[in-house]
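Colleague: I would like to go through this model with you, one point at a time. Please give the reasoning first and finish each reply on the value or name I ask for.

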Amino acid sequence: MWLVGGIQRKEGLEVTSKRDLLLEVDNLQKYFPVTEGLLHRKTGDIKAVDGISFKIYKGETLGLVGESGCGKSTVARSILRSYKVTSGKIYYQGQDLTDLNDSKLRVLRPKMQMIFQDPYASLNPRMPIKNIIGEPLLEHSSASKKERQARVDELLDLVGLSSACGNRYPHEFSGGQCQRIGIARALALNPEFVICDEPIAALDVSIQAQVVNLLEDLQKQLNLTYLFISHDLSMIRHISQRVAVMYLGKIMETGNQQDIYESPLHPYTKALLSAVPIPDPLLEVEREKIILEGDVPSPANPPQGCRFNTRCPAAEELCFKQEPEWREIKTNHWTACHFA
């Protein structure tokens, strides 16, 4: 009943075909109200996500990258309906998630899971890990206690942990082991789509590669689709087939991984990439680095026109007056820049 064996992803599969579209986000907005006084009178909005659109195709990994506070995690929680969206649409296999009631959304929950950033904070310290991993089965299946235990043992083995440690508590494990437990819990219900919300940010550098390699192996074995969120451009390049670059609630550029890293179009993308160190010291000394001046504006009062105009080294008068159009500059390579 809970057998893990998945279908291997076919090599050379064209993931951009319409029949393989898994998730579509259309003009998504998520605003958080700003209130003051005893009556909590609304005085404005924090525009955490302000009109973004993207697609994710079955079997691929879309990397969502940007500075801390740009709205990446808000996007993740909005997709899973942990946050109620302000406006826009989210389609999962053609079904609109934004209008679903709680009972219909519960039916879809097993198909969409999340791996959280902090492995310790995401695990209940009062529960043994066998109960943590088995809890989704208890909530969403009719499996017997024996079947649940067999599934938990199978999942622990799948993520590289011994089934004998099921009675131990989260504080008895290292950060990397706790993240493996979080991954096992996310896979308990055989999901199709997994959001990885900076899953390696809180781990030691020596452990990060192990966790990422595990995620890649699981994707191939179980035919998973990932939205991989990170501010680590090197890791995004390693794991993602396509990349979306986000800044202050907006997506600045999307494209295939090779196009983004070798031929970036948006000034913000170029600045981010210039900050990534190169292992060759001679090239590192010679290459031009783009230093962005100033601080990121407040999402409660974003700039008019282009969101990046206050820090952009190439900004002109038009950038301060008119928001740039979202354009496809070349095949599957989109950007929002007047001068791309």
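Colleague: Which residues are linked with K89 in a network of salt bridges?

Modeller: This is a predicted model, so what follows is computed from its coordinates. Side chains of opposite charge can pair when their charged atoms come close. Here a network of salt bridges links K89 with two partners, D96 and D99.

Colleague: How many salt bridges does a search of the whole structure find?

Modeller: A pair counts when a side-chain nitrogen of Lys or Arg is within 4 Å of a carboxyl oxygen of Asp or Glu. R168 and E172 meet that cut-off, with their closest N and O atoms 3.8 Å apart. Searched as a whole, the structure gives a total of 15.

Colleague: What parts of the chain does the pair E323 and K250 tie together, and how many residues apart are they in sequence?

Modeller: The closest N and O atoms of the E323 and K250 salt bridge are 2.8 Å apart. E323 belongs to the loop between α11 (317–321) and β11 (327–330), while K250 is in strand β10 (residues 250–256), so the pair ties together parts whose separation in sequence is 73 residues.

Colleague: Is K250 buried or exposed?

Modeller: The cut-off for buried is under 20% relative accessible area. Its partner E323, at 48%, counts as partly exposed. K250 has a relative accessibility of 14%, so K250 counts as buried.

Colleague: Which residue does the side chain of R41 meet in a salt bridge?

Modeller: R41 counts as exposed because its relative accessibility is 54%. The partner is partly exposed, at 44%. The N to O distance is 3.2 Å, and the residue that R41 meets is E36.

Colleague: Where is H40, and what is its phi?

Modeller: H40 is found in the loop between β1 (21–36) and β2 (41–57). With 57% relative accessibility, H40 counts as exposed. Its phi is positive although the residue is not glycine, and the value is near 55°.

Colleague: What is the phi of R81?

Modeller: R81 lies in the loop between α1 (72–79) and β4 (87–92). At 17% relative accessibility, R81 counts as buried. R81 too is a residue other than glycine with a positive phi, here near 65°.

Colleague: What distance separates the end C-alpha atoms of helix α5?

Modeller: Helix α5 runs over residues 175–187, which makes 13 residues. At 1.5 Å a residue, these should span 18 Å. The model agrees with that, since the end C-alpha atoms are apart by 19 Å.

Colleague: How many of the residues of α5 are buried, and what covers them?

Modeller: Helix α5 is mostly covered, with eleven of its 13 residues buried. Among them are G176, C178, R180, I183 and L187. The cover includes β6 (112–115), α3 (129–140), α4 (145–158), β7 (193–197) and α6 (205–222).

Colleague: Which residues does I183 touch, not counting those up to four places away in sequence?

Modeller: In soluble globular proteins, nonpolar side chains tend to be buried together. The largest nonpolar core here has 55 residues, and I183 is one of the four that touch the most other members, with L187, L215 and L218. Leaving out residues up to four places away, I183 touches I115, V159, V211, L214, L215 and L218.

Colleague: How many residues are in the other core?

Modeller: That core lies apart from the largest one. Its members include I52, C70, M114 and M246, and the core has 31 residues.

Colleague: Which residues is C319 in contact with, leaving aside neighbours within four places in sequence?

Modeller: C319 is placed in helix α11. Its relative accessible area is 7%, so C319 is buried. Beyond its sequence neighbours, the contacts of C319 are Q304, G305, C306, N309, H338 and F339.

Colleague: What is the radius of gyration of the chain?

Modeller: The chain has eleven helices and twelve strands. For 340 residues the globule rule gives 20 Å, and the chain comes close to that, so it is as compact as a globular protein of that length; its radius of gyration is 21 Å.

Colleague: What share of the residues in the chain is buried?

Modeller: The chain exposes about 17,300 Å², of which carbon and sulfur atoms supply 49%. Of the 340 residues in the chain, the buried ones make up 48%.

How values were computed. Residues numbered from 1 in each chain as written. Predicted model: local features only at pLDDT ≥ 70, side-chain atom pairs only at ≥ 80, totals over all residues. Heavy atoms only, no water. Helix = DSSP H or I, 4+ residues; strand = E, 2+ residues; numbered from the N terminus. Expected span 1.5 Å × (residues − 1). Buried < 20%, exposed > 50% of the residue type's maximum accessible area, 1.4 Å probe, protein only. Contact = heavy atoms within 4.5 Å. Rg over C-alpha atoms; globule rule 2.2 N^0.38 Å. Areas by Shrake-Rupley, 256 points an atom, 1.4 Å probe, with all protein chains shown as cover. Core = buried A, V, L, I, M, F, W, Y, C linked by side-chain atoms within 4.5 Å.
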